[in-house]
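Let's take a walk through this protein together, from its overall layout to a few individual side chains. Keep the structure open beside you as you read.

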Amino acid sequence: EPAWDTEHAPDVRIFNRVGFRKQDSEGNWTYYVLPEQWKAVVCKGFDAGMVAEKLRELGALDCDKGKATKNVRIPGMGKRRVYALTARILGSDDHE
């Protein structure tokens, strides 16, 4: 069962959150980035749509068919559309 990274105490309020991460049973992390932060922080200075498309082509973005994002139930936030970056973004496999 995949587990959300919730190392912080439940009463700790996190400011300037970019997203969340979740670890699968094999120890690989998926990073979930909120759309507002994708544009303002992660892709700052770049065309966010082009970045998403390139990551999708490389298999580093897990997304719903025909979209750059996917719907995910986020703890404490409910179902949200997010950019889901796979472990491949960190070069964790032998893919070129």
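Starting at the N terminus, the elements of the chain follow the order β-β-β-α-α-β-β-β. That makes 2 helices and 6 strands. Please keep in mind that what you are looking at is a predicted model. Of the 96 residues in the chain, 23% are buried. Among the contacts with a separation of 6 or more, 39% are between residues 24 or more positions apart.

A good place to begin is the hairpin of S2 and S3. Strand S2 (residues 19-23) and strand S3 (residues 29-33) run antiparallel and are joined by 5 bridges. There are 5 residues between the two strands, and in the turn you will find Gly27 with a positive phi of about 90 degrees. To see the pairing residue by residue, look at Lys22, which stands opposite Thr30 in S3. Thr30 counts as buried because its relative accessibility is 19%, and the cut-off for buried is under 20%. Leaving aside neighbours within four places in sequence, Thr30 is in contact with Phe20, Arg21 and Lys22, and also with Ala84 and Leu85. One more feature here is worth a look: Arg21 lies over the face of Trp29, at 3.9 Å from the ring centre.

Now let's turn to the aromatic residues. How many aromatic pairs does a search of the whole structure find? The search finds 1. Its members are Trp38 and Tyr83, and the pair is stacked, with 4.2 Å centre to centre and 10 degrees between the planes. Trp38 lies in helix H1 (residues 35-42) and Tyr83 in strand S6 (residues 78-85), so this pair ties together parts that are 45 residues apart in sequence. Is Trp38 buried or exposed? Trp38 counts as buried, because its relative accessibility is 0%. Tyr83 is buried too, with a relative accessible area of 10%.

Both aromatic residues lead us into the nonpolar interior. In soluble globular proteins, nonpolar side chains tend to be buried together. The largest nonpolar core here has 10 residues: Val33, Trp38, Cys43, Ala48, Ala52, Leu55, Ala60, Leu61, Tyr83 and Leu85. Which elements give two or more residues to this core? They are H2 and S6, and H2 gives the most, with 3 residues. A second, separate core has 7 residues, including Phe20, Tyr32, Ile74 and Ala84. Back in the largest core, you can use Trp38 to trace the surroundings. Setting aside neighbours within four places in sequence, Trp38 is in contact with Val33, Cys43, Ala48, Val51, Ala52, Leu55, Tyr83 and Leu85.

One of those contacts, Val51, takes us to the second helix. Val51 has its place in helix H2 (residues 48-57). With a relative accessibility of 24%, Val51 counts as partly exposed. Beyond residues up to four places away in sequence, Val51 touches Trp38, Cys43 and Phe46. Val51 and Ala68 are 17 residues apart in sequence, and their C-alpha atoms are 9.8 Å apart in space. Glu53 also lies in helix H2, and at 33% relative accessibility Glu53 counts as partly exposed. Between the C-alpha atoms of Glu53 and Lys67 there are 9.2 Å, with the two residues 14 apart along the chain.

Our last stop is Lys70, which is found in strand S5 (residues 70-74). Why does Lys70 count as buried? The reason is its relative accessibility of 18%, because buried means under 20%. Which side chain does the side chain of Lys70 meet in a polar contact? The partner is the side chain of Asp62, at 2.8 Å. Looking beyond residues up to four places away in sequence, Lys70 touches Asp62, Cys63 and Asp64, along with Arg80, Arg81, Val82 and Ala84. Ala84 may look familiar, as it is in the second core and among the contacts of Thr30.

Definitions and conventions:
Residues are numbered from 1 along each chain as its sequence is written. This is a predicted model: local features need pLDDT of at least 70, side-chain atom pairs count only at pLDDT 80 or more; totals for chains, interfaces and linings use all residues. Side-chain values use heavy atoms; hydrogens and water are left out. Helices (H or I, at least four residues) and strands (E, at least two) are DSSP runs, numbered from the N terminus. Buried means under 20% relative accessible area, exposed over 50%, partly exposed in between (1.4 Å probe, protein chains only). A polar contact is a pair of N or O atoms within 3.5 Å; within protein, one must be able to donate a hydrogen and the other to accept it, and residues adjacent in sequence count only if both atoms are side-chain atoms. Contact means heavy atoms within 4.5 Å. Two strands pair if DSSP finds at least two bridges between them. Rings of Phe, Tyr and Trp (its six-membered ring) pair if their centres lie within 6.5 Å; planes under 30 degrees apart count as stacked, over 60 as edge-to-face and the rest as tilted. A charge sits over a ring if NZ of Lys or CZ of Arg is within 6 Å of the ring centre and within 35 degrees of the ring normal. A nonpolar core is a set of buried Ala, Val, Leu, Ile, Met, Phe, Trp, Tyr and Cys residues joined through side-chain atoms within 4.5 Å.
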